[in-house]
Amino acid sequence: MEAIPVRGIGGCIALIVVGAILTFASDWKMESVNLDLVGVIMMLAGAVGLGVYASVLKRRRALGAVPVVEERRDVL
């Protein structure tokens, strides 16, 4: 079974939302897992992902549009 790739801003926001739900809105108790800590880690991972994505997006926008070169050949 393969993992579903989560990319972009939507995936980062989803990590933050699920982490916040686990940390602040759930009262589940598991014997060997601290769900509050898991939620905080997910929120931090989402925030870091947003930062990285914004950095890459900023770099792409700084490059600007790629010039288009047209080649014309005269038919004799």
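Select Gly19 to begin: in this predicted model, Gly19 is buried, with a relative accessible area of 0%, and its place is in helix H1. If you set aside the neighbours within four places in sequence and display what remains in contact with Gly19, you will find Gly39, Met42 and Met43. Add Leu35 to the selection and compare the C-alpha positions, since Gly19 and Leu35 are 16 residues apart in sequence and 9.0 Å apart in space.

Keep Gly19 on display and select Thr23, which is also found in helix H1. Thr23 counts as buried because its relative accessibility is 14%, under the 20% limit that applies to buried residues. Follow the side chain of Thr23 in two directions: it reaches the backbone oxygen of Gly19 at 2.9 Å, and it reaches the backbone oxygen of Asp36 at 3.4 Å. Asp36 appears again when you list the contacts of Thr23 beyond four places in sequence, together with Gly39, Val40 and Met43. Gly39 and Met43 were already on display as contacts of Gly19.

Now move along to Ser26, which lies in the loop between helix H1 (8–25) and helix H2 (35–63). Is Ser26 buried or exposed? Ser26 is buried, with a relative accessible area of 18%, a value that falls under the 20% cut-off. Its side chain reaches the backbone oxygen of Leu22, and the distance to look for is 2.7 Å.

Go next to Gly8, which is found in helix H1 and is partly exposed, with a relative accessible area of 22%. With Gly8 selected, add Gly49 and draw the line from C-alpha to C-alpha: the pair is separated by 41 residues in sequence, and by 8.2 Å in space.

For a view of the surface, select Ile9, Ile13, Val17, Ile21 and Tyr53, which together make a nonpolar surface patch of about 400 Å². Which helix gives the most to this patch? Helix H1 does, with four residues. Ile13 is a convenient member to centre on, as its place is in helix H1, and it is partly exposed, with a relative accessible area of 41%.

The next stop is a charged pair, Arg73 and Glu71, whose side chains meet in a salt bridge with an N to O distance of 2.9 Å. Side chains of opposite charge can pair when their charged atoms come close. Both Arg73 and Glu71 are exposed, and the structure holds one salt bridge.

Finally, clear the selections and show the whole chain, in which there are two helices and zero strands. How many residues does the protein have, and what percentage of them count as buried? There are 76 residues, of which 14% count as buried. The protein exposes about 7,000 Å², and carbon and sulfur atoms supply 64% of that area. Turning to contacts with a separation of 6 or more, residues 24 or more positions apart account for 53% of them. To return to the starting point with this wider view in mind, select Gly19 once more together with its contacts Gly39, Met42 and Met43, and then bring back Thr23 with its side chain reaching the backbone oxygen of Gly19.

Definitions and conventions
Residues numbered from 1 in each chain as written. Predicted model: local features only at pLDDT ≥ 70, side-chain atom pairs only at ≥ 80, totals over all residues. Heavy atoms only, no water. Buried < 20%, exposed > 50% of the residue type's maximum accessible area, 1.4 Å probe, protein only. Polar contact = N/O pair within 3.5 Å; in protein donor to acceptor, adjacent residues only side chain to side chain. Patch = residues over 30% accessible without salt bridge, like charges linked within 9 Å, V, L, I, M, F, W, Y side chains within 5 Å. Areas by Shrake-Rupley, 256 points an atom, 1.4 Å probe, with all protein chains shown as cover. Salt bridge = Lys/Arg side-chain N within 4 Å of Asp/Glu carboxyl O. Contact = heavy atoms within 4.5 Å.
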